[in-house]
Amino acid sequence: MAEEIYSPGLEGVIAGETAISTIAGGLQYRGYSVESLADHCSFEEVAFLVLEGELPQANQLAAFRDQLNDAMFINSEIVETLGKLPESSSMMDVMRTGVSMLAHWDPETGDNSHEANLRKSIRLLAQLPVVMAARERLRKGKKPIEPDAELSLAGNVLWQLFGEKPTESFARAMDVSLILYAEHEYNASTFTSRVVASTLSDLHSAIAAAIGALKGPLHGGANERVLEVLQEVGSSERAAKWVREALDNKRRIMGFGHRVYKTGDPRAVYLKTLCAELAVGRSEFEDMEQIAETIEQAVTSEKGLPPNLDWPSARLYHYMDIPVDLYTPLFVVSRVVGWSAHVIEQHDNNRLIRPRARYNGKSERTWLPISER
Ligand code: SDX
């Protein structure tokens, strides 16, 4: 019988093993630091690494990109449904619905073998940006835009959203953000995907569940709320007072704090530099960088809480004119790589995930007939 450990929210509990990434002493995917991957790789190379375990050779990368391009479409029934969903549907619910619909037409949904899971992961990686962009166009009364095989996955995200070929700097900024969001050990949504996979349920069910978990504002949903914070503060002069009041009111400031990173999120440090580069020459964005910096200083000095990845990612997407309710769906477009790798790892060496609970309810008592209750 394993030793019984109780920690609220499983804080500090090692709930399994993984060879995919580690966040002990900085973030590494399959042994490579995320900084070196963001410096030197494309998102496609990193997706191949996380899914297959090795960086691709040139021929493998070319074949991988061909697989993505061949899968980068969704059928007319799905497009039609995406157009009919209520206007009020949240984009995260659309992403979750999209995965569920894709499962109906995927030829290998019920096959949990390593090879089938890998093929399904690549199809989802290719299809999810198409679902997101198609819904964005349809809800604006526009026709969806076909992907362009000449563009990278990141470039296609921007092309399919705006109908304009992205600038080099925007395509690169999107690419880096997808690399940094791709994988993060046993975070809540990834752990959710592993719990679902551990019952031998299928990859699409695990990814749909993970999207449900990521939607929450304590997790992926934070990046959309970060922009509200920046706009609510509105100027550097107001930052310190605003932060003090927020903390006095026990308000959670979105984009700060982390369950594991207590001395700073390396991804936030990396992306902050890219934000500053993208803001150059645009006064409203340079002002926002200044406001962000003063908030960061205030939160760090008042509460000792460093920013997490969501803090700069909201600015980066804002500078690329991406609608704010697409920020967390972009997290999905990237994190589907990590979720898939964890589902594959779980299926390949499975043990049902079933922790215990500490009971704090009524002690045993005798039943009474309703006339005596
Ligand atoms: C992601 O886990 C992952 O890896 C996630 C992620 C990934 O890549 O998958 O990194 C992505 O989800 C990043 C986190 C995005 N969420 C937010 O930015 C939401 C705001 N942050 C928090 O709510 C909070 O920091 C959590 C949920 C992220 C972590 O919270 P914990 O570990 O449960 O910490 P806690 O709630 O026990 O707080 C400890 C103290 C408390 O103060 P006291 O009551 O002890 O005085 O810190 C305070 C909290 O009030 N605190 C905050 C705060 N975060 C913690 N106070 C104000 N603002 C915050 N953001």
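## Exercises: a ligand and a small sheet

The shell around the ligand splits into eight nonpolar, seven polar and nine charged residues. (Ala, Val, Leu, Ile, Met, Phe, Trp, Tyr, Cys and Pro count as nonpolar, Asp, Glu, Lys and Arg as charged, and the others, Gly among them, as polar.) Keep in mind that this is a predicted model, where local features need pLDDT of at least 70, side-chain atom pairs count only at pLDDT 80 or more, and totals for chains, interfaces and linings use all residues. Residues are numbered from 1 along each chain as its sequence is written, and side-chain values use heavy atoms, leaving out hydrogens and water.

**Exercise 1.** Find which residues are closest to the ligand.

*Solution.* Start with the 24 residues that surround the ligand (a heavy atom within 4 Å of it). From these, pick out the closest: His 184, Arg 252, His 258, Arg 259 and Arg 267.

**Exercise 2.** Work out which atoms of His 184 and Ile 253 face the ligand.

*Solution.* Look for polar contacts, that is, pairs of N or O atoms within 3.5 Å. His 184 puts a polar side-chain atom 2.5 Å from a ligand oxygen. Ile 253 instead uses a backbone N or O atom, 2.8 Å from a nitrogen atom of the ligand.

**Exercise 3.** Name the edge strands of the sheet.

*Solution.* First, get the order: three strands (DSSP E runs of at least two residues) form an open, antiparallel sheet, β1-β2-β3. Pairing here takes at least two DSSP bridges. Next, see that β1 (21–22) and β3 (32–33) each pair on one side only, so they are the edges. Finally, check β1 against β2 (residues 28–29): two bridges join them, and Thr 22 stands opposite Gln 28.

Terms used. Helix = DSSP H or I, 4+ residues; strand = E, 2+ residues; numbered from the N terminus. Polar contact = N/O pair within 3.5 Å; in protein donor to acceptor, adjacent residues only side chain to side chain.
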